[in-house]
Amino acid sequence: MCGITGWVDWNKTLTNYSAALENMTETMGARGPDASGTWLSGHCALGHRRLSIIDPANGAQPMYRKYGGHTFTIVYNGELYNTMELRRELEARGHTFRTNCDTEVLLVSYIEWGRAAVDRLNGIFAFAVWSERDQSLFLCRDRVGVKPLFYAHANGSFLFGSEPKAILANPAFQPEIGPEGLAEIFAVGPARTPGHGVFRDMHELKPGHFLVYDRNGLRTQCYWKVEAREHEDDLETTASKVGELLKDTVERQLVSDVPVCTLLSGGLDSSALTSFAAEYYNKNALGRIHTYSIDYVDNDKHFKSTAFTPNPDRPWIEKMRDYLGTEHHFIEFDTPELVKTLEDVVYARDLPGMADVDASLLLFCREIKKGATVAISGEAADEIFGGYPWFHREDALNANTFPWSRFTHVRAELLKPELVEWIRPIEYVEDRYAEALAEVPRLPHEKEGRLGRMREMSYLNITRFMPTLLDRKDRMSMAAGLEVRVPFCDHRLIEYVFNIPWEMKMTGGREKGILRKALEGYLPDEVLYRKKSPYPKTHNPNYMKAVREWVESILDDASSPILRFVDANKIRQMAKGETDQFDIPWFGQLMTGPQMFAYLAQVNTWLKRYNVTVK
């Protein structure tokens with residue numbers, strides 16, 4: 001994986017701005033610790049930071065090719081899992097290759113097929129191609145949005161980057177925020193509305209979209225989205241296809257010229273991926289696959305079972321380690337380092353995020369990086385197969401809002417009345433929810449009733465909740481120089497599973513029943529039918545104490561920028577335990593009272609570090 005950035009300006013000769021391009025590029029040094037490159041022409045400048053995965057010796061970027069007197073230059077962040085198929089087809093069409101890297105295959109694919117090339121790609125990617133003759137820039141992001149891409153079009157300049165920090169490093173862009181951005185932070189966050197960059201004039205290129213920028217202006221277009229189709233396969237065929245697709249996807253994603261591992265929690269999803277990986281390693285005499293898990297010092301002493309977190313992971317990890325014979329690494333962190341890292345993750349995201357859930361992942365990725373450069377992870381299984389509790393709880397299904405974020409009204413009570421009047425957080429979330437529902441593809445018999453609601457839930461989770469976790473995984477892993485691949489995000493699998501009827505998805509009366517059936521024979525039955533347990537969080541009361549004291553110190557400091565937005569008295573009441581408003585998750589499954597304190601502290605850190613101006 002890598003970091004990409006660029007700048008197009010029709011009113012400047014950008015060859016005179018090499019220092020500015022270098023600054024933009026270097027902000028993403030963690031994403032690409034192995035190499036750096038820049039390229040400048042009259043009106044376009046491109047920068048790249050490289051994390052070497054395939055053909056380390058020959059994949060330097062920006063990369064250019066001349067074809068028919070026409071020069072194309074690419075910067076690319078991602079991995080193509082069908083590189084060899086594309087290469088063979090391109091060679092049959094007369095193209096030759098100088099490297100073994102997927103960057104060159106992607107560039108030649110664009111030269112051969114133009115915009116239509118993206119329909120042929122299987123992978124995770126964000127890339128930009130500059131056509132010197134046409135004076136045009138083509139930007140594209142993978143179908144599901146595994147790899148990030150942001151852009152800004154303001155003050156006569158077009159800027160883009162893998163992360164907002166690359167755009168913020170350009171002198172033409174200022175870190176300003178308006179009412180919509182504040183609503184994203186205080187009402188939607190740590191999620192984001194698709195396409196929203198939070199900062200004024202900054203946007204996210206949506207998953208499954210491409211963008212063209214030339215002298216005629218800026219145009220975006222959707223090239224992929226999930227569609228509703230009749231499912232014609234019976235139960236046995238469906239389970240077989242799910243298993244085949246997942247196995248093929250894992251095997252494609254194990255290809256690497258650097259060490260690969262898997263993240264193993266002992267749950268269904270990570271155990272399935274690790275099982276396929278171990279089988280592949282055994283078949284190809286690659287030795288034992290290395291696996292990693294995360295936990296917290298003394299978590300066994302403080303763990304409390306809840307509906308969201310029914311049991312601890314370690315016994316299940318040990319069971320799968322022994323069953324598959326993996327080389328396992330148990331990683332543990334203590335509360336002080338977790339709290340200390342809460343500020344680091346704000347810079348990794350360029351926004352306040354998922355508090356200790358982010359911080360622990362960053363620490364985890366730093367440890368994994370000591371032994372591997374590529375990791376396989378189980379994100380997206382719960383979104384596409386319907387594994388989360390809110391798929392199955394009537395209160396969540398009938399909430400008439402995003403089921404993972406049901407307490408906007410309570411969050412609004414922590415804000416100053418004048419801010420509530422300006423950003424209208426409750427109405428803002430209602431509007432975003434209505435927009436999401438209006439997009440849902442449906443079959444004729446799914447217009448209403450339970451089938452219609454489950455179609456909505458599937459779509460909402462894939463397009464609104466899953467991006468939050470993919471953002472988190474990308475930013476935290478790349479901040480450690482680690483590439484994480486996510487097989488459940490394969491678009492072929494998502495297209496197929498999206499249209500499996502809900503009753504069939506719930507085969508056996510269990511959440512993710514069809515996935516469990518597809519994996520019969522690969523996992524021990526007790527793991528195969530284990531009740532879902534989410535990514536582990538700390539249960540140590542010292543964490544609550546630390547983040548509460550952090551927030552109180554912010555409230556006591558008259559210079560704290562967050563004070564202009566929040567009702568300090570109400571937050572103090574919450575800190576003193578005078579309200580139990582956040583005893584249940586206010587976002588996702590893991591973010592309760594301690595995470596609210598940490599989130600507010602992260603907002604203050606973000607406002608201060610980025611010197612955000614409110615307009």
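Helices (H or I, at least four residues) and strands (E, at least two) are DSSP runs, numbered from the N terminus. The model shown in every view is predicted.

**Figure 1. Loop between α7 and β15, at A285.**
A285 sits in the loop that joins α7 to β15. Its phi is positive, about 50 degrees, although A285 is not a glycine. Most residues other than glycine have a negative phi. The relative accessible area of A285 is 71%, so this residue is exposed. Both elements beside this loop, α7 (268–283) and β15 (290–296), are among those that give two or more residues to the lining of the largest cavity.

**Figure 2. Loop between α10 and α11, at D350.**
D350 is located between α10 (335–349) and α11, in a loop. Phi of D350 is also positive in a residue other than glycine, with a value near 65 degrees. The relative accessible area of D350 is 0%, and this residue is therefore buried. Among the contacts of W606 are D350 and two other residues, L351 and P352.

**Figure 3. The largest cavity, about 740 Å³.**
Eight cavities of 30 Å³ or more are found in a search of the whole structure. The largest cavity holds about 740 Å³ of space. Its lining has 44 residues, and E379, K532, S533, P534 and Y535 are the closest of these to the cavity centre. Two or more lining residues come from each of α7 (268–283), β15 (290–296), α11 (356–369), α12 (381–385) and α17 (449–478). The largest share is that of α17, with five residues. By residue class, the lining of the largest cavity divides into 23 nonpolar, nine polar and twelve charged residues.

**Figure 4. The largest nonpolar core, 107 residues.**
Within the largest nonpolar core, the residues with the most contacts are I185, F186, F199, L342, F364 and W606. Helix α24 (residues 593–609) gives the most to this core, contributing nine residues. When residues up to four places away in sequence are not counted, W606 touches I177, I185, V198, F199, V346, D350, L351, P352, N611 and V612. Another core, of 87 residues, lies apart from the largest one, and its members include V212, L470, L493 and L523.

**Figure 5. Cysteines C2 and C44, outside any disulfide.**
The search of the whole structure finds zero disulfides. For C2, the closest cysteine sulfur belongs to C101 and is 10.0 Å away, which is too far for a bond because a disulfide needs the two sulfur atoms within 2.5 Å. C2 has 7% relative accessibility and therefore counts as buried. C44 is likewise in no disulfide; the nearest cysteine sulfur, in C140, is 17 Å away. With 0% relative accessibility, C44 counts as buried.

**Figure 6. C222 in strand β13, beside G208 and H209.**
Strand β13 (residues 217–222) contains C222. Residues up to four places away in sequence aside, C222 touches G208 and H209. C222 and H209 are 13 residues apart in sequence, while the distance between their C-alpha atoms is 4.3 Å. C222 counts as partly exposed because its relative accessibility, 34%, falls between the limits of 20% for buried and 50% for exposed.

**Figure 7. R87 in helix α2.**
R87 belongs to helix α2 (residues 83–92). Its relative accessibility is 14%, so R87 counts as buried. Setting aside neighbours within four places in sequence, the contacts of R87 are F97, T99, N100 and V105.

**Figure 8. Cis peptide bonds before P62 and P190.**
Most peptide bonds are trans. The bond from Q61 to P62 is cis, with omega near -5 degrees. P62 is in the loop between β3 (44–50) and β4 (63–67). The bond from G189 to P190 is also cis, with omega near 10 degrees. P190 is in the loop that runs between α5 (179–188) and β11 (202–204).

Conventions. Residues are numbered from 1 along each chain as its sequence is written. This is a predicted model: local features need pLDDT of at least 70, side-chain atom pairs count only at pLDDT 80 or more; totals for chains, interfaces and linings use all residues. Side-chain values use heavy atoms; hydrogens and water are left out. On a 1 Å grid over the protein atoms alone, a cavity is a set of points where a 1.4 Å probe fits but cannot get out, and a pocket is an open set with protein on both sides within 12 Å along at least five of seven lines; lining residues have an atom within 4 Å of a point. Grid points are joined across faces, edges and corners, and a volume is the space filled by probe spheres set on the points. Ala, Val, Leu, Ile, Met, Phe, Trp, Tyr, Cys and Pro count as nonpolar, Asp, Glu, Lys and Arg as charged, and the others, Gly among them, as polar. Buried means under 20% relative accessible area, exposed over 50%, partly exposed in between (1.4 Å probe, protein chains only). Contact means heavy atoms within 4.5 Å. A nonpolar core is a set of buried Ala, Val, Leu, Ile, Met, Phe, Trp, Tyr and Cys residues joined through side-chain atoms within 4.5 Å.
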